[in-house]
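Colleague: Before we begin, could you put the model on the screen, so that we can go through it together?

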Amino acid sequence: MQSKKISDKLDKIVADARLAVEKREKGYRARALKIHPWICGRCAREFSREGLQELTVHHRDHDHDNNPPDGSNWELLCVYCHDNEHSRHIDSGYGDAGSDVQKSDTATHSPFANLADMLKHKK
Ligand SMILES: [Zn+2]
Ligand SMILES: [Zn+2]
């Protein structure tokens, strides 16, 4: 069955994509922790190895694919400050400007939803 085949293929692609994201995140987190001191860039809370899972890597330009080896796009933030950082951006950036964007597309709730369409158009 064609649709069965597509969903199998899709499962594989989704699994691969998840793996790639995990791998990439581990990669830049480890590198960021090597380059930068273990201190939150906002509240200056210091971290030791025990609490380190609460120290997260923030991307200054919010582009998680932008990972220059010198660490210039990374900032270490504790989970609380990291949350604040992002909610502030949502407040100022997405407030009302984007309200009419992509309302008609009901599939946008999943980051992988459009993969099915992409595969359908492929032969
Ligand atoms: Zn903090
Ligand atoms: Zn961030």
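Colleague: Is His86 buried, partly exposed or exposed in this predicted model?

Modeller: The relative accessible area of His86 is 27%. Buried means under 20% and exposed means over 50%, with partly exposed in between, so a residue at 27%, as His86 is, counts as partly exposed.

Colleague: Which residues coordinate the zinc ion (ligand 2)?

Modeller: The donors of the zinc ion (ligand 2) follow the spacing H-x23-H-x3-H along the chain, and they sit at 2.0 to 2.1 Å from the metal. One of them binds through its ND1 atom, while the others use NE2. The residues are His58 (ND1), His82 (NE2) and His86 (NE2).

Colleague: How many residues apart in sequence are the parts that His58 and His86 tie together?

Modeller: His58 lies in strand β1, which covers residues 55-59, whereas His86 belongs to helix α2, which covers residues 79-93. Because the pair joins this strand and this helix, it ties together parts whose separation in sequence is 28 residues.

Colleague: Is His58 buried or exposed?

Modeller: His58 has a relative accessibility of 1%. Since the limit for this class is under 20%, His58 counts as buried.

Colleague: With the side chain of which residue does the side chain of Asn67 make a polar contact?

Modeller: Asn67 is found in the loop between β1 and β2, and at 16% relative accessibility it counts as buried. Leaving aside neighbours within four places in sequence, Asn67 is in contact with residues including Tyr28, Arg31 and His59. The polar contact between side chains, at 2.8 Å, is with Trp74.

Colleague: What is the phi of Ala44, and why is it worth a second look?

Modeller: Most residues other than glycine have a negative phi. Ala44, which lies in the loop between α1 and β1 and is partly exposed at 49% relative accessibility, is not a glycine and yet has a positive phi. The value for Ala44 is about 65°.

Colleague: Which element gives the most to the largest nonpolar core?

Modeller: The largest nonpolar core has 13 residues, and among those with the most contacts inside it are Cys40, Phe47 and Leu55. α1, β1 and β2 each supply at least two residues of this core. Leu55, for its part, touches several residues beyond four places away in sequence, including Leu33, Ile39 and Leu76. With four residues, the element that gives the most to this core is β2.

Terms used: Residues are numbered from 1 along each chain as its sequence is written. Chains are lettered from A and ligands numbered from 1 in the order in which they are written. This is a predicted model: local features need pLDDT of at least 70, side-chain atom pairs count only at pLDDT 80 or more; totals for chains, interfaces and linings use all residues. Side-chain values use heavy atoms; hydrogens and water are left out. Donors are N, O and S atoms within 2.8 Å of the metal (3.2 Å for Na, K and Ca); water is not among the atoms, so sites may look incomplete. Buried means under 20% relative accessible area, exposed over 50%, partly exposed in between (1.4 Å probe, protein chains only). A polar contact is a pair of N or O atoms within 3.5 Å; within protein, one must be able to donate a hydrogen and the other to accept it, and residues adjacent in sequence count only if both atoms are side-chain atoms. Contact means heavy atoms within 4.5 Å. A nonpolar core is a set of buried Ala, Val, Leu, Ile, Met, Phe, Trp, Tyr and Cys residues joined through side-chain atoms within 4.5 Å.
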